[in-house]
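Welcome! Please work through a few short exercises with the model open beside you, and try each task before you read its solution.

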Amino acid sequence: MLKGSSKFAIIVRGMAGHSKWQNIRHIKAAKDGEKARIATKVTTRIRSAIKVGGNSDPKYNSLLARAVTVAKQNDVPNTTIQAAIKQAAASAENSTEQTYEIKGPGGTFFVIRALTDKLTLTKNNIQSAIKKGGSLLGPQGTARHAFNEKGIIEVSCGDHPDLDLVSATDLAIEVDAEEVKEFHDEDGKVIQFICDPSMLHQVKKNLESNNYQIKHASIQFLPHRFANISEEQQKLLDKMFDRLNQIDEIEDVFDNIQP
């Protein structure tokens, strides 16, 4: 899969199809300008957490609480965090979530999700970013056929040391999830509970009712049709992702590149 940006690794490779924007804690800023962009990316995640969680109080919105924790881990000032929460709460009704489908080189497909109140500007910025990467923005259906759309709820095993794949499988039946998977990130082992997108909030609520702390919850695009790319295509797409990193409204990018 594509490797992380050389500037700061907002784009992170883990599981196939795993969003490059989720592991924002991997970001390592080397310059003040990059730190400012990190703050902007974090505030975008806060906006998304408020929109999905439906509450601007971290005490009652576990996704927002997690976003605030990530912001603090990246040394984002508390004044910036509070301003982002206030602004997000005020603008939540004006921003809409947009999905863009892209066909890339070598049989690659990408699904980009953005939260924006500037629809035309965001679309134009994405088109400009992908053009030099040998990719084209297409109509609905251009890329979705290479993915399965699923609800994903993540629980860190560091928060729940007794949780393993076996016990998680039994728990999945109880909370109405379809499947469980395991992967590792910077915090250690993570269990994913996978469900139909329409069941995302219900499964999340069921896990929380069982006293499980949610690390992340969102609807994701998991690839089932993979593309093998050449080294030259890899370099081309690396540069494309660098340009996409500069678009603050982007929340998630999913691809079907073979791990």
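The exercises below go through sheets, helices and cores in turn.

This is a predicted model, in which local features need pLDDT of at least 70 and side-chain atom pairs count only at pLDDT 80 or more, while totals for chains, interfaces and linings use all residues. Residues are numbered from 1 along each chain as its sequence is written, and side-chain values use heavy atoms, with hydrogens and water left out.

**Exercise 1. Work out the strand order of the sheet that contains β4, and find its edges.**

Step 1. Helices (H or I, at least four residues) and strands (E, at least two) are DSSP runs, numbered from the N terminus. Two strands pair if DSSP finds at least two bridges between them.

Step 2. Following the pairs gives an open sheet of four strands, β5-β6-β4-β7, with antiparallel pairing. Because β5 (179-185) and β7 (214-223) each have a single partner strand, they are the edges, and one side of each lacks a neighbour in the sheet. From one strand to the next the twist averages 30 degrees; axes are lines fitted to C-alpha atoms (for helices over the stretch in contact), and angles run from 0 to 180 degrees between N-to-C directions.

Step 3. Now look at the pairs. Nine bridges link β4 (residues 147-156) to β7, and Gly151 stands opposite Ile219 in β7. Seven bridges link β5 to β6 (residues 188-195), where Phe183 has Val190 as its bridge partner. A hairpin of two residues connects β5 with β6.

**Exercise 2. Do the same for the sheet that contains β1, then find the helices lying across β2.**

Step 1. The order in this open sheet is β3-β1-β2-β8, again with antiparallel pairing. Its edges are β3 (136-138) and β8 (250-255), each with a single partner strand.

Step 2. Strand β2 (residues 109-116) pairs with β8 over five bridges, and Arg113 has Asp252 in β8 as its partner.

Step 3. Helix α4 (residues 119-131) lies across β1 (96-103), β2, β3 and β8, at about 25 degrees to β1. Helix α7 (residues 231-244) lies across β2 and β8, at about 5 degrees to β2.

**Exercise 3. Check the length of helix α2 and describe its start.**

Step 1. The expected span is 1.5 Å times one less than the number of residues. For the twelve residues of α2 (residues 62-73) that gives 16 Å, and the end C-alpha atoms are 17 Å apart, which agrees.

Step 2. At the N-terminal end, Asn61 acts as a cap, with a side-chain oxygen 3.1 Å from the backbone nitrogen of Leu63.

Step 3. Buried residues (under 20% relative accessible area, with a 1.4 Å probe and protein chains only) in α2 include Leu63, Leu64 and Val68.

**Exercise 4. Is Lys204 buried or exposed?**

Step 1. Lys204 belongs to helix α6 (residues 200-209). Its relative accessible area is 14%, so Lys204 is buried.

Step 2. Contact means heavy atoms within 4.5 Å. Leaving out residues up to four places away in sequence, Lys204 touches Ser62, Leu63, Ile153, Ile214 and Ala217.

**Exercise 5. Which residues touch the most other members of the largest nonpolar core?**

Step 1. A nonpolar core is a set of buried Ala, Val, Leu, Ile, Met, Phe, Trp, Tyr and Cys residues joined through side-chain atoms within 4.5 Å.

Step 2. Among the 34 residues of the largest core, Ile46, Ile153, Phe193 and Leu207 touch the most other members. Helix α1 (32-53) gives the largest share, six residues.

Terms used: Buried < 20%, exposed > 50% of the residue type's maximum accessible area, 1.4 Å probe, protein only. Polar contact = N/O pair within 3.5 Å; in protein donor to acceptor, adjacent residues only side chain to side chain.
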